[in-house]
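Reader: I'm new to reading protein models and would love a close look at one part. Could you pick a helix, walk me through how it packs, and then point out any odd spots in the backbone?

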Amino acid sequence: MHDIRIIRENPAAFDAALARRGDAPVSSELLALDESRRAKILAAETAQAEQNKASKEVGAAKGRGDEAEFERLRAVIAEKKKEISVMQDEAKALDAQLTDRLAYIPNLPADDVPDGEDENDNVEVNRWGTPRSFDFPPREHYEIAGVAPSLDFETAAKISGSRFVFGKGAVARIHRALAQFMLDTHVDKNGLTEVNTPVLVRDEAMYGTDKLPKFGEDSYRTEDGMWLIPTSEVPLTYSVAGDVLDANALPIRMTAHSLCFRSEAGSAGRDTSGMLRQHQFEKVEMVSITHPDGSDAEQQRMLRCAEGILEALEIPYRTVVLCTGDIGFGALRTYDIEAWLPGQVAYREISSVSTTGDFQARRMNARFKPEGGGKPQFVHTLNGSGLAVGRCLIAVLENGQQPDGSVKLPEALAPYLGGKTVLGSDGMLA
């Protein structure tokens with residue numbers, strides 16, 4: 001959500017920032033609504049002052065027996081009361097129109113975000129590890145002999161339809177181990193607080209984290225009006241909605257492992273094979289609530305937390321900063337981490353780490369009290385995958401595959417797998 005006062009002060013700069021995203025100018029439309037709203041408020045206040053003046057005079061007229069003046073003033077009071085009610089209703093309607101219009105306008109990209117039209121213009125900022133050279137054609141995860149029996153897409157389709165998987169046996173255990181390893185790392189090494197969140201949330205939580213109103217079709221809604229979360233970013237971030245936090249309590253750093261649900265609207269025909277793009281998946285999410293002065297440094301910290309997971313799992317990756325044409329609706333700046341998938345001979349996104357500045361905080365009225373006193377200010381909110389568990393599973397399986405269809409597993413997972421380090425070609429851990 002944007003501050004209309006900032007748009008009033010420099011509408012040209014606001015439109016120029018939107019233009020970097022490829023969006024049309026909107027400041028004139030917004031300011032016209034704002035001017036009409038403010039005019040109604042001023043008119044209501046003027047009428048209120050006139051009513052108050054008449055109210056003071058009506059008693060005096062009655063006291064001196066001036067019945068004509070008394071009746072005139074009573075009529076003025078009644079008329080002003082009606083005028084005030086009408087103008088207040090009109091001001092509220094205009095305010096609702098302005099708020100609704102602002103809710104559809106994306107965040108403005110940070111000055112250091114590179115200009116560009118789409119993912120092809122993203123800029124690589126880091127690369128770690130060297131993709132392994134195979135002496136056999138590497139397979140995609142669902143084609144590996146030791147993996148294929150444990151990824152049952154037919155049973156999942158019978159139960160739920162397309163874009164679901166019925167994971168079993170050793171692969172299901174490796175998936176669980178990955179989530180546990182990520183959580184333990186973020187809690188024990190990275191200092192995040194673990195949270196077990198609801199996966200059903202109200203409209204307000206989706207709105208406050210910029211998933212509504214524009215992106216309702218991307219998520220699932222129950223018949224009683226609750227939403228299945230697209231990621232635990234929603235409940236973690238919204239946990240501070242309406243709060244006025246102490247400055248010395250910041251930053252608040254949280255992590256959660258949860259089921260996530262996305263309709264994948266608009267993705268027909270994309271990544272239909274395997275488990276890369278699913279309606280239901282799991283993520284270990286990171287969310288930070290920070291002082292504005294510390295949000296840029298916090299984003300770098302979160303980025304390193306996510307990258308560290310891949311390094312511990314020995315997965316080659318690259319990190320890119322998204323250009324203005326690829327950045328998400330609520331993001332001020334986003335880094336994507338892309339893991340190397342030898343089966344696809346490509347780097348694929350496994351984490352996004354974004355700062356929204358005060359964009360979400362304004363929507364959900366989350367503020368803090370400055371240490372030196374003064375008016376409460378909006379916090380900054382950040383979110384990042386640490387990591388997407390299913391995609392990390394794909395990366396582990398494809399990078400560790402062997403010629404006989406077995407998979408060599410990362411040493412970091414051994415404590416979570418009873419000391420076992422290999423997924424055999426028979427689908428058993430050894």
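**A helix pair and some unusual loops**

Author: Let's start in a loop: Glu314 sits between helix H9 (295–312) and strand E11 (317–321). Keep in mind that this is a predicted model. We'll come back to Glu314 after a look at helix H4.

So, how do you describe two helices that pack together? You give the angle between their axes and the distance between those axes. Here, take helix H3 (residues 27–63) and helix H4 (residues 67–103): their axes come within 7 Å and cross at roughly 160°. Angles over 145 degrees count as roughly antiparallel, and therefore H3 is roughly antiparallel to H4. The crossing of H3 past H4 is left-handed. And who takes part? Sorted by class, the contact between H3 and H4 has 19 nonpolar, 16 charged and 6 polar residues.

Now zoom in on H4 by itself. Does its length fit what you'd expect, and what would that be? With 37 residues at 1.5 Å a residue, H4 should span 54 Å, and its end C-alpha atoms are 53 Å apart, which agrees.

Next, look for the residues of H4 that are tucked away. The buried ones include Phe70, Leu73, Ile77, Ile84, Met87, Leu94 and Leu98. Two charged residues, Glu69 and Lys80, are on that list of buried residues too. What do the buried residues of H4 pack against? Besides H3, their partners are helix H1 (4–9), helix H7 (203–208) and helix H10 (359–364).

Two of those partners lead us to the odd backbone spots. Most peptide bonds are trans, and most residues other than glycine have a negative phi. In the loop between H7 and strand E6 (220–221) you'll find Pro213, and the bond joining Leu212 to Pro213 is cis, with omega about 5°. There's another cis peptide bond between Leu250 and Pro251, where omega is about 0°. Pro251 belongs to the loop between strand E8 (244–246) and strand E9 (252–261).

H10 takes us to Asn365, in the loop between H10 and strand E14 (367–369). Asn365 isn't a glycine, yet its phi is positive, at about 55°. Is Asn365 buried or exposed? Its relative accessible area is 33%, so Asn365 counts as partly exposed.

And that brings us back to Glu314, another residue other than glycine with a positive phi, near 60°.

Key:
Residues numbered from 1 in each chain as written. Predicted model: local features only at pLDDT ≥ 70, side-chain atom pairs only at ≥ 80, totals over all residues. Heavy atoms only, no water. Axes fitted to C-alpha atoms, helices over the stretch in contact; angles between N-to-C directions. Helix = DSSP H or I, 4+ residues; strand = E, 2+ residues; numbered from the N terminus. Parallel < 35°, antiparallel > 145°, perpendicular 65-115°, else oblique. Left-handed = near helix turned anticlockwise from the far one by under 90°. Expected span 1.5 Å × (residues − 1). Buried < 20%, exposed > 50% of the residue type's maximum accessible area, 1.4 Å probe, protein only. Contact = heavy atoms within 4.5 Å.
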